[in-house]
Amino acid sequence: PLRQTQREVQLKMMHLEQFQSMFKVHKFPTLRDPIDYANAKYFGFSLKKEKIAANMLNFSKQCIHTSLTQLPTPKESKAAVKLFKYVLCYMGDKKNYSSKVTLATDFLNAALSGDLNLRTELFIQVIKQLTRNPNVESEKAGWDLLALLIVTVPPPPLLENFLTVFLMQNGRKRGQAWISEMHRTQYERS
């Protein structure tokens, strides 16, 4: 079984290496359309909407106004917005009055108790905050949070290849430590 798992992982990695462009995060199938995301905040014509749409998946010190992915109910979208505040606070981009341990615990508990849609949203939120983050300390905290998320819950199957490519392209040493941990989490729970 171990050799079979290793071979499966190796073949998957070769495939992703060759077809990386198919698995860029902005191509993720349940991602909100950037224009729809921007329209959820502003009505009518606005140059600000275009900027919001263009930066939907880039680092921001501002809280999101709706979920980044298409969630089934407004209640889940509202929960996603609240959880994004935890990400901002954990990374030090927003003042918080809770400890990092409390923030991480609450965030990870939400991931554990949430369905695949919410888990996907949480992974995408952390990826957003790691993309074009100008603050070294914030970025380091974001990678720590992503590592905690990866070791706590396996990524949803639909997100797995997108997350792997993100890690390969943005993680230290091509994301190998995170990818290995992700595979360990996935295959040990199978």
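Visitor: Which helix gives the largest share of the lining of the largest pocket?
Guide: Welcome! This is a predicted model, and its largest pocket has a volume of about 340 Å³. The lining of that pocket counts 15 residues, with Tyr37, Ile52, Ser60, Gln62 and Cys63 nearest the centre. The largest share, 3 residues, is given by helix 3 (residues 47-54).

Visitor: How many charged residues are in the lining of the largest pocket?
Guide: Let's go through the lining by class. The nonpolar class has 6 residues and the polar class has 5. The number of charged residues is 4.

Visitor: And what about the second largest pocket: which helix gives the largest share of its lining?
Guide: This pocket has a volume of about 270 Å³, and 16 residues line it, of which Val25, Ile127, Thr131, Phe166 and Asn170 lie nearest its centre. Two or more lining residues come from each of helix 6 (116-130), helix 7 (136-152) and helix 8 (157-170). The largest share, 4 residues, comes from helix 8.

Visitor: How many nonpolar residues does the lining of the second largest pocket have?
Guide: Again we can sort by class. In this lining, 5 residues are polar and 3 are charged. The nonpolar residues number 8.

Visitor: How far apart are the end C-alpha atoms of helix 4?
Guide: Helix 4 covers residues 74-90, which is 17 residues. At 1.5 Å a residue, the helix should span 24 Å, so we have a value to check against. The model agrees with it, as the end C-alpha atoms are 25 Å apart.

Visitor: What covers the buried residues of helix 4?
Guide: Buried means under 20% relative accessible area. Among the residues of helix 4 that are buried are Ser77, Leu83, Phe84, Tyr86 and Cys89. Their cover includes helix 5 (100-113), helix 6 and helix 7.

Visitor: Which residue just after helix 4 takes a positive phi?
Guide: Follow the chain past the end of helix 4, at residue 90. Just after the helix, a phi of about 85° is taken by Gly92.

Visitor: What is the radius of gyration of the protein chain?
Guide: Stepping back, the chain has 9 helices and 0 strands, and its C-alpha trace spans about 55 × 35 × 35 Å along the principal axes. With 190 residues, a compact globule would have a radius of gyration near 16 Å, so that is the value to compare. The protein chain agrees with this, at 17 Å.

Visitor: What percentage of contacts between residues at least 6 apart in sequence join residues at least 24 apart?
Guide: Here a contact means heavy atoms within 4.5 Å. Taking contacts between residues at least 6 apart in sequence, the share that joins residues at least 24 apart is 68%.

Methods. Residues numbered from 1 in each chain as written. Predicted model: local features only at pLDDT ≥ 70, side-chain atom pairs only at ≥ 80, totals over all residues. Heavy atoms only, no water. 1 Å grid on protein atoms, 1.4 Å probe; cavity = no way out; pocket = protein on both sides within 12 Å on 5 of 7 lines; lining within 4 Å. Points joined across faces, edges and corners; volume = space filled by probe spheres on them. Nonpolar A, V, L, I, M, F, W, Y, C, P; charged D, E, K, R; others polar. Expected span 1.5 Å × (residues − 1). Buried < 20%, exposed > 50% of the residue type's maximum accessible area, 1.4 Å probe, protein only. Rg over C-alpha atoms; globule rule 2.2 N^0.38 Å.
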